[in-house]
Amino acid sequence: MAIRKSQTAVLRQILKRCSSLGRKNGYVGDDESLPGDVPRGHFAVYVGQNRTRYIVPISFLTHPEFQCLLQQAEEEFGFDHEMGLTIPCDEVIFRSLTSMLR
């Protein structure tokens, strides 16, 4: 499954808000702050019922398995919210998937 063009633009905005990509490109959000703990080439996602924050490499965006999670996130939550990218997935499953992608 490939990321649709409409998703690409929205993901770019999300990445600017919650990743090192925003600092690199001088993005300033509404609160004029960016997460200082997100290393270059990574972004933050929120997973599970507790919305646990994980920092993942931007390279995950190219993996079909991760793209399926993005599709589920879009269907369940949409991509237009301030908290950041929320993944509708159990944390154990998310950790298992991401460990295979590394």
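Reader: What makes Tyr46 and Arg53 in S2 opposite residues?

Author: In this predicted model, Tyr46 stands opposite Arg53 in strand S2. Two strands pair if DSSP finds at least two bridges between them. Six bridges join S1 (residues 42-47) to S2 (residues 52-57), so the pair satisfies that definition; the two strands run antiparallel. Strands here are DSSP runs (E, at least two residues; helices are H or I, at least four), numbered from the N terminus. As to sources, residues are numbered from 1 along each chain as its sequence is written. The model is predicted, local features need pLDDT of at least 70, side-chain atom pairs count only at pLDDT 80 or more, totals for chains, interfaces and linings use all residues, and side-chain values use heavy atoms, with hydrogens and water left out.

Reader: How do you know that S1 and S3 pair?

Author: Three bridges join S1 to S3, and the definition asks for at least two, so they pair. These strands run parallel, and Val47 has Ile87 in S3 as its bridge partner.

Reader: Why do S2 and S3 stand at the edges?

Author: The open sheet has the order S2-S1-S3, with mixed pairing. S2 and S3 (85-87) each have a single partner strand, so one side of each is left without a neighbour in the sheet.

Reader: What makes the contact of H3 with H4, by class, five nonpolar and one charged?

Author: Glu65, Phe66 and Leu69 of H3 meet Phe94, Leu97 and Leu101 of H4, contact being heavy atoms within 4.5 Å. Ala, Val, Leu, Ile, Met, Phe, Trp, Tyr, Cys and Pro count as nonpolar, Asp, Glu, Lys and Arg as charged, and the others, Gly among them, as polar. Therefore Glu65 is the charged residue, and no polar residue takes part.
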